[in-house]
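I opened this notebook to record what I looked up, entry by entry. The entries follow the order in which I consulted the structure.

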Amino acid sequence: MFQSACSKVVTSTLSKCTGLPVYVLTVSNSSSSNNVERDYIPSTSEDEIEILYNFLSHLQTAVIPSLHPGLPLPNALCTGATLSTYQRTRIESITTRLNWTSISPMWRQSPFTLYKSIIATFPSTIVCKVATIGMSEKHVGKELGDLNSTLHALNEKFGVSVVGEGGEFETLVLDGPAFVNGRAKLTGGEKVVEDGAGAFILVPGMVGFGVGVGGGGLDVEVEDKTVFVDCDSFSVAVPHTSHSNSDSNATTMYVKKFQIRSKSTRCGLVQFSDIRSSTNNSSPTSQISDILAILKYNLLQQNLSPLDAISCVLHLPNSTTSAFSEVNKIYSNFFGTVYPGSRVCIALASPKMSLSVTLLRNSGSSLREIVAGSHRDPPLRVTLDVSSISSWAPVCIGPYSQASVVRGGFNVVSGMIGLRGGDMELENGFEAQLRRCWTSLASVLDALDGGCLEDSLGAVVYVAEEAMKGDGVGVGRVREICGECVGNNGGILPGLAEGKLCLNNVPETETEIETGGYEDFETWVEIEGIDAVNEELKRLGNENNDQESSPFHLPITVLVVPELPKMALVEVELAGGVANARASKILGGVKESSQEFVNNDNGAIKVLDGGWDLGYNSTIQGSMLKTKAKINAKTKTRIRLLEKCMCAVWGTTTTVEEGEGDVTFEELETCLLKIFGAMANSVKNEAMMNSSESCLSVRLWHKFDEEGVVKDAAQRTLGRVSGLEEAALSIAKVEQFEVGSENILFESVGVFVDTIQTQTEVFIQNR
């Protein structure tokens, strides 16, 4: 993984140029990585990654305190990887064990924008090694900026990275902003040699140090603070890092025998919804512990593991957000921190915490087989878990991953708040945070085989009550802003980071949408201001997205909730999943349709006898719901569908007529029967899903104070609707729905998953 070309120049001049101590460890030529899989498991002490880990650990604990006692100890490792998951996971393995921060400022930046930034900031950057088609010894020693036309031509013809990310070439920086004392110079005797494997390498002769333009003054005395560390002066020990089931400590937690409903599908997905504590203890830690103990019992009953979890939705009572760190500890102890699933976390106006979990049977062990080098292709699940700080997208602020690819067919993505990736701070204001949410989600999808927002099945936008205070600027424009962001894919051009799109083939305005022509998004905002940036994004969105007719106008549910993580003003969840880019291409893309059902029109709803057995005698029949609107209502549904894979049915129930009145329990059941029936009919009318086998889960949001009444009615009713009777159900109370929609009674979404047929590389046969 490490390169040694021109290392003599680095070791002899870097300290003089920067004025900083430089610590050097010489290793043998035989040092290499014993683990060549994408993900990394610490192995033997001779592994080059473990040598680096132990070297850095020794620097922190012994070398620096001894030789430079006044120098701050290192706590971060900065690397220049732009695309290589292989490199990133190895560096993150080191920083995780050292409890350092991994910083990758160039991660997933456009290679074309990055190339321009490099030659502008470091003009004295020369090529010191070439190993690709179209490059030979004549290119070695030249400045990178002089190879502009050559590199772009090779990119267009052969896909060569213009920044050498694939190892096509290596570079040496002779001068830069950090070189405060002077610059390095090659003063004669250089030669180019071939290594026998087709690569040409620069071998420096005399190396000098100079000041001024061109480094002409070579007689300046500058202290050399280079320290050569003896490899034998410190012991090498590889700490044990488990990648087996023990990376979840669920086995040490107690089990609570409490049966809960679940839904299993033929493709291996299992859904547990709306798990709530069975105790009266209001302590957040007691509630989450009780919930996980109940979940553990039910997992054991179905031979499932917490490591099989691909996504979780955690609803916190509003008063528990201050104890979130303690809740997180218990949560991570149960689900583990190695390859965790995605997560959405919000505070709701409910006195009890609840947890909904989606699992993929055997996917936990399958993930670990990938790391061990023995796995099926494509695997059951692949996890995207980037912990390096970069401008690409925020790192996860809890025990979860950015996303997972499930059975090669669809992606499950964590909820996103408006954090900037570069400094992990929230954007200023509601609109800026909302736009950042969409940009970050688009960046994550782009990292999953070039996915984009148009492949989503829909979204839930959670708006914090705090955003409603004052003049509420931007809150009333939620759908308008979301339409703009989805229309221009959050300003991200899919595939550009991988260099799949050549600059010559893409209009300049499109290649630089994400940064406005600047080196990064933050600089764009700093130079032109957030208002100007938003206007430009809006302009681009209007050019590319007709909100009335565009297929990219997603079904969106807007909910007002008490609080969000880190006191964010908005969070966006791509609920229902996102079609994987390869699956979408093979299966003809995500399709959409809409229907409308009026409650006094029975339609063709098939009503079953009985319904769910709640496990207790409901005493709320005859109860009354207080409402300012009569229950007579209509439900509109929208379907987003990827054939032979999955679909989401979005339902909005609104009142038909205004008026004061109480609603009986029986009237509520009748209304809910039509809501769920509309969802079932929508899927049936599309004729692409298989009966009740397909419905994985139903989520229902309401704003009634009588939460228990709604819950009982919804549970009893769902079990009577043919096609939904076996689905897992979660119910949540929100403060209100979107601004200006006081007549909304319910919002809902049903997720349907087909058997996921085997096609080319994308789908896997049923197990």
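**Entry 1: a parallel strand pair and its sheet**

I began with one residue pair: Cys312 stands opposite Arg343 in E14. The model I am reading is a predicted one. I then looked up the strands around this pair and found that E13 and E14 run parallel and are joined by seven bridges. In general, the strands of a sheet pair through backbone hydrogen bonds, in either a parallel or an antiparallel manner.

I next traced the sheet. It is open, with five strands in the order E11-E12-E15-E13-E14, and its pairing is mixed. Strand E11 (262–264) and E14 are the edge strands, each pairing on one side only. From one strand to the next, I read an average twist of 10°.

I noted two helices against these strands. Helix H6 (residues 284–301) lies across strand E12 (269–276), E13 and strand E15 (354–360), and it runs at about 145° to E12. Helix H7 (residues 324–335) lies across E13, E14 and E15, at about 155° to E13.

**Entry 2: the chain as a whole**

I counted elements and found 16 helices and 32 strands in the protein chain. Of its 767 residues, 57% count as buried. I also looked up contacts between residues at least 6 apart in sequence: 78% of them join residues at least 24 apart.

**Entry 3: nonpolar cores**

Which residues have the most contacts inside the largest nonpolar core? I found Leu269, Tyr462 and Trp701, in a core of 44 residues. Among the elements that give two or more residues to this core are strand E13 (309–317), strand E14 (342–348), strand E20 (459–464) and strand E29 (695–702). The largest share, four residues, comes from E32.

I followed Trp701 further. Not counting residues up to four places away in sequence, Trp701 touches Val460, Thr557, Leu559, Ala732, Val734, Phe737, Leu745, Phe746, Glu747, Ser748 and Val749. Apart from the largest core lies another, of 39 residues, among them Leu445, Leu448, Val461 and Val478.

**Entry 4: cavities**

Rolling a probe the size of a water molecule over the atoms shows where empty space is left. I found eleven cavities of 30 Å³ or more in the structure. The largest cavity has a volume of about 430 Å³. It is lined by 31 residues, and those closest to its centre are Ser311, Thr358, Glu573, Gly576 and Arg699.

Which strand supplies the largest share of the lining of the largest cavity? I found E13, with five residues. At least two lining residues come from each of E12, E13, E14, E15, E18, E29 and E32.

**Entry 5: a hairpin**

I turned to strand E26 (residues 633–642), which is mostly covered: seven of its ten residues are buried. Ten bridges join E26 to E27, and the two run antiparallel. Lys634 stands opposite Thr654 in E27. The two strands E26 and E27 form a hairpin with three residues between them, and Lys644 in the turn has a positive phi of about 65°.

**Entry 6: helix H10**

Helix H10 (residues 478–487) is mostly covered as well, with eight of its ten residues buried. I listed the buried ones as Val478, Ile481, Cys482, Gly483, Glu484, Cys485, Val486 and Gly487. Asn489 follows H10 and has a positive phi, near 55°.

**Entry 7: loop residues**

Most residues other than glycine have a negative phi. I therefore looked up exceptions in loops, given that general tendency.

Arg407 is one of them: its phi is positive, near 50°, and it is not a glycine. Arg407 is placed in the loop between E17 and E18. Is Arg407 buried or exposed? Arg407 counts as buried because its relative accessibility is 2%, under the 20% cut-off.

Lys566, likewise not a glycine, has a positive phi of about 60°. Lys566 is found in the loop between E21 and strand E22 (570–573). Its relative accessible area is 47%, so Lys566 is partly exposed.

I closed with Gln402, in the loop between strand E16 (381–384) and strand E17 (403–406). Gln402 counts as buried because its relative accessibility is 2%. Among the residues that Gln402 touches, leaving aside those up to four places away in sequence, I noted Leu384, Trp392, Cys396, Val412 and Val444.

How values were computed. Residues numbered from 1 in each chain as written. Predicted model: local features only at pLDDT ≥ 70, side-chain atom pairs only at ≥ 80, totals over all residues. Heavy atoms only, no water. Core = buried A, V, L, I, M, F, W, Y, C linked by side-chain atoms within 4.5 Å. Buried < 20%, exposed > 50% of the residue type's maximum accessible area, 1.4 Å probe, protein only. Contact = heavy atoms within 4.5 Å. Pairing = 2+ DSSP bridges. Axes fitted to C-alpha atoms, helices over the stretch in contact; angles between N-to-C directions. 1 Å grid on protein atoms, 1.4 Å probe; cavity = no way out; pocket = protein on both sides within 12 Å on 5 of 7 lines; lining within 4 Å. Points joined across faces, edges and corners; volume = space filled by probe spheres on them.
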